[in-house]
Amino acid sequence: MGKGASDPTLSPEELTGLRDQAASATAGCCTCVFRKDGTHGPSGKLAQMKADGTTPNGTKDNAFKAEILIDQGGSPKTIHVVTRLKAVNATADTARYPDTATLTDEVLANRVAAIPGAIRSAWNAKPYKLKVTDSKCGENTFTVKFDAPMVTSSHHYSLDFVNVIDAATNNMGANDDYKGIKSGRSYILPSSFKGKFNLADNRSATNGGTTELEPHEHGHMIGLRDEYHDVALDRGGVQYEFFDGTKTLHASNTQLMGTMGTKTAQPDRYCLTIAYAVIAIFATNGITVTGLEID
């Protein structure tokens, strides 16, 4: 039986094998594994709009951290995007998060164990494919596979977990946290590669909820911006520029990076930051991409 969308995309042995192959890759090779583990982007090809939905507010896509492996010799050819997450128990930190209620480390570990599967289910549901053309290797199509394992070291993102239970505010909390954001609101801080997740959010996989919260935040962890309408922060959608120069504007929608009515990553544009990261990895390894399409 094949792997489902929620299953780990690579076993530890498979991941080690790809890393070993990448270590012996040569420039210009068309069958090698190319790898970059670290910071990617920003591409500068995403522009967030003001609340009017038409004027750029000066915010572009974020730099993001991930391990990206381009397996050119596999069948099928695959691009693996692995984002390692570290859980920090901040449920007792009422100084920074005033409305949180304490949970033990054991309870936290059991709750966050649901997150990787929720992210994989949402981001591998489509699945995304990149058609890459270059002068050395010709045209090749790669399946993109996302994973987000919880780790205790060598993480890409450190996430504070809080437990804000407040029925009157739909578990958003009555007070602001140390960043001036509601204590129960989850977010990613791109510049520091950190974030905060509320275990009590009704949309969280950790709460037996509708599971779209962590996949939405994972979008930020691969550089994407919010597409929903937010007057308070003067945001109203995102303009995307594709490799061929085509630009599209998307605002106030129910997609995963919008208001999350759609709980899986479906639009081609959601793979754009990964596409530009892949182009950069190829360039580092002596291959110049001349054409790229997302499907």
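Here is a friendly back-and-forth about a predicted model, asking how its labels are earned.

Me: What makes the length of helix α1 what you would expect from its number of residues?

Reply: Helix α1 covers residues 12-23, which is twelve residues, and spans 17 Å from its first C-alpha to its last. At 1.5 Å a residue the expected value is 16 Å, and the span of α1 is close to that.

Me: Which residues of α1 are called buried, and how do you know on which side they sit?

Reply: The buried ones are Leu 15, Leu 18 and Ala 22. Around the axis they cover an arc of only 65°, so they lie on the same side of α1. There is a general reason to find such spacing friendly to a one-sided pattern: an α-helix has 3.6 residues a turn, so residues three or four places apart point the same way.

Me: And what is on the face of α1 turned away from that buried side?

Reply: That face carries Pro 12, Glu 13, Asp 20 and Ala 23, which are exposed. The label asks for over 50% relative accessible area.

Me: What covers the buried residues of α1?

Reply: The cover includes β1 (33-40), β4 (64-71) and β5 (78-82). This fits with the packing of α1 on the sheet that holds these strands, where α1 touches β1, β4 and β5. The direction of α1 makes about 80° with that of β4.

Me: Let us look at that sheet. Why are β1 and β17 called its edges?

Reply: The sheet is open, with six strands in the order β1-β4-β5-β8-β7-β17 and mixed pairing. β1 and β17 (289-294) each have a single partner strand, so one side of each has no neighbour in the sheet. On average, neighbouring strands here are turned by 20° against each other, direction ignored.

Me: How do you know that β1 and β4 are paired?

Reply: Pairing needs at least two bridges between the strands. β1 and β4 have eight, in the antiparallel sense, so the pair qualifies under that cut-off. As a landmark, Phe 34 stands opposite Ile 70 in β4.

Me: What makes β2 and β3 a pair?

Reply: Two bridges join β2 (residues 46-49) to β3, and the strands run antiparallel. The cut-off is at least two, so this pair is accepted. Ala 47 stands opposite Lys 60 in β3.

Me: Which sheet do β2 and β3 belong to, and which strands are its edges?

Reply: They are in an open sheet of four strands, ordered β3-β2-β15-β16, with antiparallel pairing. β3 (56-60) and β16 (247-250) are the edge strands, as each pairs on one side only. Neighbouring strands of this sheet are turned by 25° against each other on average, direction ignored.

Me: Now the cysteines. How do you know that Cys 29 and Cys 32 form a disulfide?

Reply: Their sulfur atoms are 2.2 Å apart, and the limit for a disulfide is within 2.5 Å, so the pair counts. The link is right-handed, with 90° about the S-S bond. Cys 29 has 13% relative accessibility and is therefore buried; Cys 32 is at 14% and is buried too. The cut-off for that label is under 20%.

Me: What makes Cys 30 and Cys 137 a disulfide, and where do they lie?

Reply: The S to S distance is 2.0 Å, which is within the 2.5 Å limit. This link is left-handed, with -85° about the S-S bond. The pair joins distant parts of the chain, 107 residues apart: Cys 30 is in the loop between α1 and β1, and Cys 137 in the loop between β7 (129-134) and β8 (138-147).

Me: Why is Cys 30 called partly exposed, and what is Cys 137 called?

Reply: Cys 30 has a relative accessible area of 29%, which lies between the 20% and 50% cut-offs. Cys 137, at 17%, counts as buried.

Me: How many disulfides are there, and why is Cys 271 left out?

Reply: A search of the whole structure finds two, and they follow the pattern 1-3, 2-4 when bonded cysteines are counted along the chain. For Cys 271, the nearest cysteine sulfur is that of Cys 137, 19 Å away; a disulfide needs sulfur atoms within 2.5 Å, so Cys 271 does not qualify. Cys 271 counts as buried, at 0% relative accessibility.

Notes:
Residues numbered from 1 in each chain as written. Predicted model: local features only at pLDDT ≥ 70, side-chain atom pairs only at ≥ 80, totals over all residues. Heavy atoms only, no water. Expected span 1.5 Å × (residues − 1). Buried < 20%, exposed > 50% of the residue type's maximum accessible area, 1.4 Å probe, protein only. Arc of directions from axis to C-beta. Contact = heavy atoms within 4.5 Å. Axes fitted to C-alpha atoms, helices over the stretch in contact; angles between N-to-C directions.
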